[in-house]
Amino acid sequence: MKVRLLLANHAEVKGGMLYAMGIGWTQIGPKASPFAIAALIEVTWEETNRPYKISFDILDVDGQPFHVPTATGDKRFELGAEFNQGRPPDVPPGSPFLACIAMNIQAVQFQPGQQYVLRALVDGEVMDQTGFRVRPAEPPKRQLP
């Protein structure tokens, strides 16, 4: 199994295909910004017809989990889904399959000037990761006398 993880401005899955806009950014912010996680999962013939858990998390450059505020206190940023790639009867044996995932995330406030890593894990094993940087905070504007 292979996972190709992408950051985008918006993503969705329709008809088994991944549609995304603004794919491949590496910088965000410094203000809270929405974004999307898009993933293509290549499943081999032998890996079909069984359930898998995919999760996405964000770590800082020191490998510490990124936390987001919630109604019940700060929680680790972690999203998950389950998938089970079937195999149609008319597909030749040995054929690979693609499963698509798209998750649109509401505005998140990252620490300005910091770097992070978004990871994709399947059944707890890191399958892909991509880094991004948060732009530095804008200096306050000088007031003219």
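This report describes a predicted model, taking up its strand pairing, its nonpolar core and a few backbone features.

## Sheet arrangement

In this predicted model, three strands make up an open sheet whose order is β1-β5-β10, with antiparallel pairing. The edges are formed by β1 and β10, each of which pairs on one side only, and the twist from one strand to the next averages 15 degrees.

Between β5 and β10, which run antiparallel, there are 10 bridges. One residue pair can be picked out by name: V43 has F97, in β10, as its bridge partner.

## Nonpolar core

The largest nonpolar core holds 30 residues, and the members that touch the most other members are F35, I37, F56, I58, F110 and F132. Two or more residues of this core come from each of the elements β1 (2–8), β5 (33–43), β6 (52–60), β10 (97–108), β11 (115–122) and β12 (125–134). The three strands of the open sheet, β1, β5 and β10, are thus among the elements that contribute to the core in this way.

The surroundings of F56 can be given in detail. When residues up to four places away in sequence are left aside, F56 touches L5, I37, A39, F77, E78, L79, I101, M103, L118, R119 and A120. Among these contacts is I37, which, like F56, belongs to the core members that touch the most others.

## Backbone features in the loops

Most residues other than glycine have a negative phi, and most peptide bonds are trans. Against that background, three places in the loops deserve a separate look.

The peptide bond that joins G29 and P30 is cis, with an omega of about 15 degrees, and P30 lies in the loop between β4 (27–28) and β5.

N49, although not a glycine, has a positive phi of about 60 degrees, and its place is in the loop between β5 and β6. Is N49 buried, exposed or partly exposed? Because its relative accessibility is 46%, N49 counts as partly exposed, the class that falls between the cut-offs of under 20% for buried and over 50% for exposed.

D123 likewise is not a glycine and has a positive phi, here of about 50 degrees; this residue is found in the loop between β11 and β12, two strands that each give two or more residues to the largest nonpolar core. With a relative accessibility of 49%, D123 is also counted as partly exposed, since exposed requires a value over 50%.

Definitions and conventions
Residues are numbered from 1 along each chain as its sequence is written. This is a predicted model: local features need pLDDT of at least 70, side-chain atom pairs count only at pLDDT 80 or more; totals for chains, interfaces and linings use all residues. Side-chain values use heavy atoms; hydrogens and water are left out. A nonpolar core is a set of buried Ala, Val, Leu, Ile, Met, Phe, Trp, Tyr and Cys residues joined through side-chain atoms within 4.5 Å. Buried means under 20% relative accessible area, exposed over 50%, partly exposed in between (1.4 Å probe, protein chains only). Helices (H or I, at least four residues) and strands (E, at least two) are DSSP runs, numbered from the N terminus. Contact means heavy atoms within 4.5 Å. Two strands pair if DSSP finds at least two bridges between them. Axes are lines fitted to C-alpha atoms, for helices over the stretch in contact, and angles run from 0 to 180 degrees between N-to-C directions.
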